[in-house]
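Okay, let's get going. I'll put the structure up and then talk through how some of the helices pack and where a handful of residues sit.

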Amino acid sequence: MPAPLPELTIVLERALSVGDPERVREARRSLAAAFPDTEAGADASFRLGLDVLFTSGDLDAAIEHLRNATRAKSAKAAMSARASLGILLLRQGKFQQAVFELRKVASQKPPTLGAAQAMSIVVD
């Protein structure tokens with residue numbers, strides 16, 4: 001049975017405060033696995049996706065984390081993850097999937113800067 005959400009959040013905060021990247025990754029993995037449909041879980045998945053992308057360049061692993069982040073429907077991180085996911089799918093040449101994801105971002109209400117950027121990518 002996973003630890004409660006507040007406990008995992010504290011573990012993540014402590015790892016961040018000491019600046020230990022591996023402890024931060026482990027805390028985010030735990031949070032994302034135990035609470036995938038929450039804001040905290042979506043944020044953890046989104047940040048794991050970015051971490052994998054920038055540290056190892058592994059597009060497939062980054063995409064997996066970003067997809068997980070998009071499953072939290074009301075999470076703020078979900079839209080950022082969706083935009084990043086769309087861009088990575090473009091990079092892989094998966095144009096139809098990329099346009100699908102970016103259109104979801106572009107159609108969000110109320111309109112945001114992210115939505116405008118996604119729309120500019122879709123119409124180019």
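So, α5 passes α6 in a left-handed crossing. This is a predicted model, by the way, so please hear everything I say with that in mind. The two axes are 8 Å apart, and the packing angle is about 155 degrees. Anything over 145 counts as roughly antiparallel, so that's the label α5 and α6 get.

Who's actually touching whom there? On the α5 side we have Met79, Arg82, Ala83, Leu85, Gly86, Ile87, Leu89 and Leu90, and they meet Phe95, Gln97, Ala98, Glu101, Leu102, Lys104 and Val105 of α6. Sorted by class, that contact comes out as 10 nonpolar, 2 polar and 3 charged residues. If you want to find α6 on the screen, look at residues 95-106.

Okay, stay on α5, and turn to α4. Which way does α4 run relative to α5, parallel or antiparallel? The axes cross at roughly 150 degrees and come within 8 Å, so with a cut-off of 145 this pair is roughly antiparallel too. The crossing of α4 past α5 is left-handed. From α4, the residues in the contact are Leu59, Ala62, Ile63, Leu66, Arg67, Ala69 and Thr70. From α5, they're Ala78, Ala81, Arg82, Ser84, Leu85, Leu88, Leu89 and Arg91. The class split for α4 with α5 is 10 nonpolar, 2 polar and 3 charged.

Let me zoom in on one of those, threonine 70. You'll find threonine 70 in α4, which covers residues 59-70. Buried or exposed? Its relative accessibility is 9%, and the cut-off for buried is under 20%, so threonine 70 counts as buried. And what does its side chain have close by in the way of polar atoms? A polar atom of that side chain lies 2.7 Å from the backbone oxygen of arginine 67. If you skip residues up to four places away in sequence, threonine 70 touches Ala78, Ala81, Arg82 and Leu85. Those four names also turn up on the α5 side of the α4 contact.

Third partner for α5, and that's α3. Here the axes come within 8 Å and the crossing angle is roughly 30 degrees. Under 35 degrees counts as roughly parallel, so that's how α3 sits against α5. Again, α3 passes α5 in a left-handed crossing. α3 brings Glu39, Ala42, Asp43, Phe46, Leu50 and Leu53 to the contact, while α5 brings Lys76, Ala77, Ser80, Ala81, Ser84 and Leu88. By class, that's 7 nonpolar, 2 polar and 3 charged. For orientation, α3 is residues 39-56 and α5 is residues 76-91.

Now over to α2, residues 21-34, where I've got two residues to show you. Start with alanine 32, which sits in α2. With a relative accessible area of 12%, alanine 32 is buried. So what's packed around it? Leaving out neighbours within four places in sequence, alanine 32 is in contact with Gly41, Ala44, Ser45 and Leu48. As for longer reach along the chain, alanine 32 and proline 2 are 30 residues apart in sequence, and their C-alpha atoms are 11 Å apart.

The other one in α2 is arginine 25. Its side chain and the side chain of glutamate 22 are joined by a polar contact of 3.2 Å. Beyond four places in sequence, arginine 25 touches Leu48, Asp51 and Thr55. Leu48 is also on alanine 32's list. One C-alpha distance for arginine 25: to valine 52, 27 residues along the chain, it's 9.7 Å.

Last stop, two residues further along. Threonine 112 is in the loop between α6 and α7, and at 35% relative accessibility it counts as partly exposed. How far is threonine 112 from glutamate 13, C-alpha to C-alpha? They're 29 Å apart in space, and 99 residues apart in sequence.

And then serine 120, in α7, which is residues 113-123. Serine 120 is partly exposed, at a relative accessible area of 37%. Its C-alpha is 12 Å from that of alanine 83, with the two positions 37 residues apart along the chain. Alanine 83 is one of the α5 residues in the contact with α6, which takes us back to where I started.

Key
Residues numbered from 1 in each chain as written. Predicted model: local features only at pLDDT ≥ 70, side-chain atom pairs only at ≥ 80, totals over all residues. Heavy atoms only, no water. Axes fitted to C-alpha atoms, helices over the stretch in contact; angles between N-to-C directions. Parallel < 35°, antiparallel > 145°, perpendicular 65-115°, else oblique. Left-handed = near helix turned anticlockwise from the far one by under 90°. Contact = heavy atoms within 4.5 Å. Nonpolar A, V, L, I, M, F, W, Y, C, P; charged D, E, K, R; others polar. Buried < 20%, exposed > 50% of the residue type's maximum accessible area, 1.4 Å probe, protein only. Polar contact = N/O pair within 3.5 Å; in protein donor to acceptor, adjacent residues only side chain to side chain.
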